[in-house]
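Morning, everyone. Let's take a short walk through one structure. Please have the sequence and the model open.

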Amino acid sequence: MSTVTFPGLGLTLHLNRVAFSIGTFHVYWYGIIIALGFFFGVAFCCTQAKKFGIKPDDILDMIIFAAPGGIIGARLYYIFFNPDLYRNPDGSWSLEACLSTRNGGLAIYGGIIAGVFIAWLVARYKKIPFPALADVCAFGLLIGQIAGRWGNFMNVEAYGGPTDLPWRMGIEVGGEYMEVHPTFLYESLWNLVGFCLLVWLLRKGIRTFDGMYFLLYVAWYGLGRGWIEGLRTDSLYFFSTGIRTSQMVALLSCVVAVVLLLCKMRTHPSPEALYVNRKKRMEHTGEEN
């Protein structure tokens with residue numbers, strides 16, 4: 001049981017990582033929240049898929065491979081940049097430690113990279129334009145990340161350095177009371193705003209080329225993660241350097257996404273070239289996809 005306070009807001013919460021137990025097996029709130037975020041993300045993507053020319057079944061087929069692949073990617077990413085935690089005293093790798101995720105050790109960027117790669121493979125196999133599929137997936141990624149940070153909250157992790165801001169969070173670290181930035185909340189809210197912006201663009205029909213929403217997601221998430229990561233105290237570092245790995249990846253991905261967006265916009269793309277519109281024309285004329 002952990003006690004978390006928000007002194008400036010007059011809130012005191014008593015958090016238990018364990019939601020319930022079956023014998024000696026514990027089910028953690030972190031896993032439940034991640035599962036709910038995953039479910040709602042997939043459900044939303046399936047309801048919006050047709051607007052991008054994608055079948056809901058294509059989303060489900062992709063998820064079958066991307067979900068486990070994303071977990072593996074998240075784990076490998078974390079181990080790669082934090083190898084000392086997974087070695088035996090003699091320096092050899094501990095397979096048991098590498099496979100055990102019950103105490104955390106998953107990195108979001110590793111999951112995103114692996115998931116995107118698998119989605120690209122599935123798109124090629126099913127002969128679907130990857131940029132169109134990626135646009136749909138952007139919504140699901142944001143929903144999953146919005147929810148996932150609350151899993152970090154239940155574990156009392158993903159917090160920042162000391163602060164005296166009104167929304168500061170009081171926690172115990174190593175037996176010492178500290179008031180810190182609730183960076184889990186910053187990132188969840190940042191992703192919520194990004195999700196709302198994409199939904200607004202979708203409802204307004206503002207989309208001029210396949211891949212536009214995905215690039216906007218990468219730019220938005222990268223910008224937010226870049227500054228939020230700088231506040232955190234539990235960052236993964238780029239090997240022995242003082243560079244925060246996720247901050248570096250976030251800012252680089254943001255810059256690349258913005259450059260690609262600007263380059264694409266300079267060509268004045270027409271919505272007529274969108275996969276969903278091309279598909280409608282082919283179905284109307286009876287052409288093969």
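Let's start with one residue: in which helix is Val276 found? The answer is helix α9, which covers residues 275-285. Keep in mind that this is a predicted model.

So how far can we trust the prediction? Mean pLDDT for the protein chain is 91. Of its residues, 98% reach 70 or more. Confidence is lowest in helix α3, residues 95-99, with a mean of 81. The highest value belongs to helix α6, residues 183-204, at 97.

Back to Val276. Is Val276 buried or exposed? Its relative accessible area is 7%. The cut-off for buried is under 20%, so Val276 is buried. What does Val276 touch, leaving aside residues up to four places away in sequence? Lys50, Lys51, Phe52, Gly53 and Arg207. For a sense of distance, take Thr101. Val276 and Thr101 are 175 residues apart in sequence. In space, C-alpha to C-alpha, they are 40 Å apart.

Next, charges. How many salt bridges does a search of the whole structure find? It finds 11. I'll take three pairs.

Pair one is Lys126 with Asp58. Their closest N and O atoms are 3.3 Å apart. This pair links distant parts of the chain. Lys126 sits in helix α4, residues 108-126. Asp58 sits in helix α2, residues 56-81. In sequence, the two are 68 residues apart. Now accessibility. Lys126 is partly exposed, at 29%. Asp58 is buried, at 11%.

Pair two is Glu179 with Arg168, whose side chains meet in a salt bridge at 2.6 Å, N to O. Where do the partners lie? Glu179 is in strand β6, residues 176-180. Arg168 is in the loop between α5 (130-154) and β5 (169-173). So the salt bridge ties together parts that are 11 residues apart in sequence. Glu179 counts as partly exposed, with 25% relative accessibility. Arg168 counts as buried, with 17%.

Pair three is Arg232 with Asp234, a salt bridge at 2.9 Å, N to O. Arg232 is buried, with a relative accessible area of 11%. Asp234 is partly exposed, at 36%. This pair has company. Which residues do shared salt-bridge partners join into one network? Arg149, Glu187, Arg225, Glu229, Arg232 and Asp234.

On to helix α7, residues 212-229. It has 18 residues. From first C-alpha to last, helix α7 reaches 25 Å. That is close to the 26 Å expected at 1.5 Å a residue. Why call α7 largely enclosed by the rest of the structure? Because 14 of its 18 residues are buried.

One reminder for looking along any such helix. An α-helix has 3.6 residues a turn, so residues three or four places apart point the same way.

Last stop, the strands. How do β3, residues 18-22, and β4, residues 25-28, pair? In the antiparallel sense, over 4 bridges. Phe20 stands opposite Val27 in β4. Together β3 and β4 form a hairpin, with 2 residues between them. Look at Gly23 in the turn: its phi is positive, about 65 degrees.

To recap: Val276 is buried in the model, the search finds 11 salt bridges, and β3 and β4 form a hairpin. Thanks. Over to you.

Conventions
Residues are numbered from 1 along each chain as its sequence is written. This is a predicted model: local features need pLDDT of at least 70, side-chain atom pairs count only at pLDDT 80 or more; totals for chains, interfaces and linings use all residues. Side-chain values use heavy atoms; hydrogens and water are left out. pLDDT is the predictor's confidence in each residue, from 0 to 100. Buried means under 20% relative accessible area, exposed over 50%, partly exposed in between (1.4 Å probe, protein chains only). Contact means heavy atoms within 4.5 Å. A salt bridge is a side-chain nitrogen of Lys or Arg within 4 Å of a carboxyl oxygen of Asp or Glu. The expected span of a helix is 1.5 Å times one less than its number of residues. Two strands pair if DSSP finds at least two bridges between them.
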